[in-house]
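Biologist: Could you take me closely through one part of this model, the sheet and the core that goes with it? Please explain your terms as you go.

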Amino acid sequence: MKELAEVRTLKVNRYIIIDDEPCKILSISTSKPGKHGEAKARIEAIGVFDSQKRSIVHPVTHKVHVPMIDKRNAQVISMMGDHVQLMDLETYETFDMPLPEEYKDAIEPGKEIQYLEALGRKKITRA
C-alpha cells in the first residue's frame, strides 16, 4: 500500500517510493525559489530492499508516493540452508524468507526477530 504526500512534509529517516522501490530518506536539501519558479527539494535516499542510492529533485509542492511500512515481530521456526521459516507473532502466519548474510550467525530456531513489510515484500531488520 502507498499514499501521497507533499515533498515539503517529508522528513529524514522516513520513507519514499523512488522508481517503484521503497527507500529510506537520508537527506533533504531545498533551494530557494527563483524569479519565476518555486522552491525545489533534492531528496537522497537508499533502497530498503536493494540498498541502492537514489536521488530525485521535485518542487516542494509536488506530491510523491510514500510506502506504508509495517514493522512486525516474528519467531524463527526453522532454518533451511539460506532460507528461514518465520511465524508472525500477531497473525500466526508462517512464511519463508531468504536469510540475510549479516544475520546468519544471530538467527536460530525459537528466537524472535523483527522484520518489515513494504509493497508486498519482506526483509529482516533485527535479529
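Modeller: The part to look at is an open sheet of four strands in the order 2-3-4-5, paired in antiparallel fashion, where strands are DSSP runs of E of at least two residues, numbered from the N terminus, and two of them pair if DSSP finds at least two bridges between them. Strand 2 (15–18) and strand 5 (53–59) stand at the edges with a single partner strand each, so one side of each has no neighbour in the sheet. From one strand to the next the twist averages 45°, taken between axes fitted to C-alpha atoms, with angles from 0 to 180 degrees between N-to-C directions.

This is a predicted model, in which local features need pLDDT of at least 70 and side-chain atom pairs count only at pLDDT 80 or more, while totals for chains, interfaces and linings use all residues. Residues are numbered from 1 along each chain as its sequence is written, and side-chain values use heavy atoms, leaving out hydrogens and water.

Strand 4 (residues 40–47) runs antiparallel to strand 5 and is joined to it by seven bridges; Ile 46, for example, has Lys 53 in strand 5 as its bridge partner.

The largest nonpolar core (buried Ala, Val, Leu, Ile, Met, Phe, Trp, Tyr and Cys residues joined through side-chain atoms within 4.5 Å, buried being under 20% relative accessible area with a 1.4 Å probe, protein chains only) has 15 residues, and Leu 10, Ile 16, Ile 18 and Ile 43 have the most contacts inside it. Strand 2, strand 3 (21–30), strand 4 and strand 6 (63–67) each supply at least two of its residues, the largest share, three residues, coming from strand 4. Leaving aside neighbours within four places in sequence, Ile 43 is in contact (heavy atoms within 4.5 Å) with residues including Val 7, Leu 10, Ile 16 and Arg 54.

Key:
Buried means under 20% relative accessible area, exposed over 50%, partly exposed in between (1.4 Å probe, protein chains only).
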